Amino acid sequence: MIGSGFNSPPANREDQRRCSVPKETYNKKVTDKTCCMHAEQRAIMDALRNNPAKLPGSMMYVARLDGEGHQERLLGKPYCTLCSKMALDAGIGEFALLCEDGVRVYDTAEYNKLSFQYSG
Ligand SMILES: [Zn+2]
């Protein structure tokens, strides 16, 4: 593992938590309507800090785990363009998602494209 991450408000500051704010209340110019830093973003930043030379061509593994490391939910189609753009920009080569039908592996450029095509 060259980096890891988890979801929580930026800098783990509870005064920044806005999970309960309805997303429709944000102006359309607000491009990120989610509350928390995403685990993928944190894993990329962690790897950039600690293992930058190993990042190009690496594989991002994504699974939803509870606080004790147990599988919480399975993943579906790619949809997060924040993480897909950041991963592509950082040089990550592939995304591996733990889904209902097993592990799905995507080339990161394809993952980014699919994220922008997401329709629910
Ligand atoms: Zn994300």
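**Figure 1. The bridge between Ala96 and Val105 in a predicted model.** In strand E5, the residue that serves as bridge partner of Ala96 is Val105, and the model in which this pairing is seen is a predicted one. Ala96 itself belongs to strand E4, which spans residues 94-99 and pairs with E5 in the antiparallel sense over 6 bridges. Elsewhere along this pairing, Glu94 stands opposite Asp107 of E5, and the connection from E4 to E5 is a hairpin through 2 residues.

**Figure 2. The surroundings of Ala96.** When residues up to four places away in sequence are set aside, Ala96 touches Met59, Met60, Tyr61 and Val62, and also Val103 and Val105. Ala96 is classed as partly exposed because 14 other C-beta atoms lie within 10 Å, a count that falls between the limit of 12 or fewer for exposed residues and that of 20 or more for buried ones. For a view that takes in the beginning of the chain, Gly5 may be included, which is 91 residues from Ala96 in sequence and 15 Å from it in space, C-alpha to C-alpha.

**Figure 3. The open sheet and the helix that packs on it.** The sheet is open and consists of 3 strands in the order E1-E4-E5, with mixed pairing. Strand E1 (59-62) and strand E5 (102-107) are at the edges and have a single partner strand each, so that one side of each is left without a neighbour in the sheet. From one strand to the next, the twist averages 20 degrees. Helix H3, formed by residues 108-117, packs on the sheet and touches both E4 and E5, and its direction makes about 100 degrees with that of E5.

**Figure 4. The buried side of helix H2.** Helix H2 comprises residues 81-90, and among its residues Cys83, Ser84, Ala87 and Ala90 are buried. These four cover an arc of only 135 degrees around the axis, which means that they lie on the same side of H2. The cover over the buried residues of H2 includes helix H1 (39-50), strands E1 and E4, and helix H3. After H2 comes Gly91, a residue whose phi is positive, near 90 degrees.

**Figure 5. The largest nonpolar core.** In soluble globular proteins, nonpolar side chains tend to be buried together. The largest nonpolar core of this model has 12 residues in all, namely Ala43, Ile44, Ala47, Met60, Val62, Cys83, Ala87, Ala90, Ile92, Phe95, Leu97 and Tyr111. Two or more residues are given to this core by each of H1, E1, H2 and E4. Val62, one of the core residues, is in contact with Glu40, Leu75, Phe95, Ala96 and Leu97, leaving aside its neighbours within four places in sequence.

**Figure 6. Three exposed residues in the segment before helix H1.** Ala11 lies in the segment before H1 and has a positive phi of about 60 degrees, although it is not a glycine. Because it has 8 C-beta neighbours inside 10 Å, Ala11 counts as exposed. Asn12 lies in the segment before H1 as well, and its phi is also positive, at about 55 degrees, although Asn12 is not a glycine either. With 11 other C-beta atoms within 10 Å, Asn12 is exposed. Met1 is likewise found in the segment before H1, and its 9 C-beta neighbours inside 10 Å make it count as exposed. The C-alpha atom of Met1 is separated by 9.7 Å from that of Ala43, a residue 42 positions away along the chain.

**Figure 7. The whole chain, as a setting for the close-up views.** The protein chain contains 3 helices and 5 strands, and from the N terminus on its elements run α-β-β-β-α-β-β-α. Its radius of gyration is 15 Å, close to the 14 Å that the globule rule gives for 120 residues, so the chain is as compact as a globular protein of that length. Taken along the principal axes, the C-alpha atoms fill a box of roughly 40 × 30 × 30 Å. Of the 120 residues in the chain, 16% are buried, and among the contacts with a separation of 6 or more, 66% are between residues 24 or more positions apart.

Definitions and conventions
Residues numbered from 1 in each chain as written. Predicted model: local features only at pLDDT ≥ 70, side-chain atom pairs only at ≥ 80, totals over all residues. Rg over C-alpha atoms; globule rule 2.2 N^0.38 Å. Contact = placed C-beta atoms within 7 Å. Pairing = 2+ DSSP bridges. Axes fitted to C-alpha atoms, helices over the stretch in contact; angles between N-to-C directions. Arc of directions from axis to C-beta. Core = buried A, V, L, I, M, F, W, Y, C linked by C-beta atoms within 7 Å.
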